[in-house]
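Please open the structure in your viewer and display it as a cartoon. The tour below proceeds from the whole chain to its cores and then to individual residues.

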Amino acid sequence: MKALHIAATGMRAQELNVEVISNNVANLRTTGFKRQRADFQDLLYQNQRRVGTATSDTGTIVPTGVQIGSGVKTAATARILTQGPIAQTGKDTDVAIRGEGFFQIQLPSGDTAYTRDGSFERDANGQLTTVDGYPVQPGIVLPEDSRDITVNAEGVVQVADANGDIQQIGQIQLARFINKSGLEAIGDNLFLETASSGAAIVGNPRDPGFGDLQHKHLEASNVEAVTEISDLIAAQRAYEMNSRIIQAADEMSSTVSQLR
């Protein structure tokens with residue numbers, strides 16, 4: 001029976017749905033994480049009576065027809081890039097983005113990656129880096145004797161030297177994309193530009209189309225536990241219903257076999 005195959009596609013789809021939900025929940029406390037959602041599409045249909053075909057010489061046509069679907073497939077695992085909650089940390093190298101934009105990070109390969117995770121550190125040379133040691137672009141070097149580091153809403157980095165004089169040592173820039181959902185996630189809270197995302201548009205915080213920065217703050221994950229739990233329950237029920245269809249189809253097949 002086709003019902004066995006159709007219900008099997010439904011079970012596979014909900015299995016993937018649960019995997020996406022579990023990854024969201026696992027990253028509930030990941031800085032700058034953006035949740036994903038599984039999107040599905042129905043498969044091809046078998047036309048047993050095609051819609052719009054003529055039923056007589058007078059021009060009458062079939063109003064609805066008979067179409068039998070063949071199941072479901074995964075279309076996408078879209079990333080929901082909404083703003084996450086911003087929490088104060090007090091650490092002088094933590095920076096959060098409020099609004100549109102990504103920090104630019106230079107990878108060891110020389111490529112540029114993008115992130116919403118502003119939990120930066122200072123390496124042995126005083127350069128501002130990610131927790132993996134990848135430099136923030138454009139490069140910002142904090143002097144050895146610097147103290148009272150400040151990053152204003154426009155991304156200007158200032159420090160006080162040993163004499164208490166204020167110096168401007170750099171400018172944090174942001175990148176945004178026409179289709180930010182088209183970015184490729186590579187792990188470590190990093191994304192790469194793709195043909196779908198379009199080229200990066202670089203600017204300073206608070207420029208038109210860009211958000212601003214919050215110093216000594218971090219953006220938390222935008223995963224909502226209640227939403228994920230309700231989605232998990234719905235996925236579980238859909239999986240159970242598909243499994244019951246398989247059981248029912250198997251019983252019907254056994255009954256037909258016994259009659260023969």
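**The whole chain**

Begin with all residues selected, bearing in mind that this is a predicted model. Buried residues account for 34% of the 260 residues in the chain. Colouring by secondary structure brings up two helices and 20 strands. The radius of gyration is 27 Å, well over the 18 Å that the globule rule gives for 260 residues, so the chain is more spread out than a compact globule. When the view is aligned with the principal axes, the C-alpha trace spans about 95 × 45 × 35 Å.

Next, display the surface. Its accessible area comes to about 14,600 Å², and carbon and sulfur atoms contribute 50% of that. Colouring the charged side chains shows 22 positive and 31 negative ones, the centres of the two sets lying 10 Å apart. As for the contacts between residues at least 6 apart in sequence, 62% join residues at least 24 apart.

**The nonpolar cores**

Now select Phe103, Phe120, Leu142, Val157, Ile172 and Leu213. Of the 20 residues in the largest nonpolar core, these six touch the most other members. Two or more residues of this core come from each of strand S6 (95-98), strand S7 (102-106), strand S12 (147-151) and strand S13 (156-160).

Keep Phe103 selected and show its surroundings. Which residues are in contact with Phe103, leaving aside its neighbours within four places in sequence? The set comprises Val95, Ile97, Ala113, Tyr114, Thr115, Arg116, Asp117, Gly118, Phe120, Ile172, Leu174 and Leu213.

A second core, separate from the largest one, consists of six residues; Phe102, Tyr114, Ala175 and Leu183 are among them.

**Helix H1**

Move to helix H1 (residues 2-26) and select Gln14, which lies within it. Is Gln14 buried or exposed? Its relative accessible area is 13%, under the 20% limit, so Gln14 is buried. Show Ala235, Ala238 and Tyr239 as well: Gln14 is in contact with these three residues, when its neighbours within four places in sequence are left aside.

**The loop at Asn125**

Select Asn125, in the loop between strand S9 (121-122) and strand S10 (128-129). Here the relative accessible area is 63%, and the residue is exposed. Add Pro143 to the selection and draw a distance between the C-alpha atoms: Asn125 and Pro143 are 18 residues apart along the chain, and these atoms are separated by 8.7 Å.

**Backbone geometry to inspect**

The last stops concern the backbone. Most residues other than glycine have a negative phi, and most peptide bonds are trans.

- Select Gln137 and Pro138. The peptide bond from Gln137 to Pro138 is cis, with omega near -5°. Pro138 belongs to the loop between strand S11 (136-137) and S12.
- Select Asp188, in the loop between strand S16 (184-187) and strand S17 (190-192). Its phi is near 60°, a positive value in a residue other than glycine. Asp188 counts as exposed, at 54% relative accessibility.
- Select Asn189, which is also found in the loop between S16 and S17. Phi of Asn189 is positive too, near 65°. At 24% relative accessibility, Asn189 counts as partly exposed.

Methods:
Residues are numbered from 1 along each chain as its sequence is written. This is a predicted model: local features need pLDDT of at least 70, side-chain atom pairs count only at pLDDT 80 or more; totals for chains, interfaces and linings use all residues. Side-chain values use heavy atoms; hydrogens and water are left out. Helices (H or I, at least four residues) and strands (E, at least two) are DSSP runs, numbered from the N terminus. The radius of gyration is taken over C-alpha atoms; the globule rule is 2.2 Å times the number of residues to the power 0.38. Buried means under 20% relative accessible area, exposed over 50%, partly exposed in between (1.4 Å probe, protein chains only). Contact means heavy atoms within 4.5 Å. Accessible areas come from the Shrake-Rupley method with a 1.4 Å probe; for residues, only the protein chains shown count as cover. Lys and Arg count as positive and Asp and Glu as negative; His and the chain ends are not counted. The place of a charge is taken as NZ of Lys, CZ of Arg, CG of Asp or CD of Glu. A nonpolar core is a set of buried Ala, Val, Leu, Ile, Met, Phe, Trp, Tyr and Cys residues joined through side-chain atoms within 4.5 Å.
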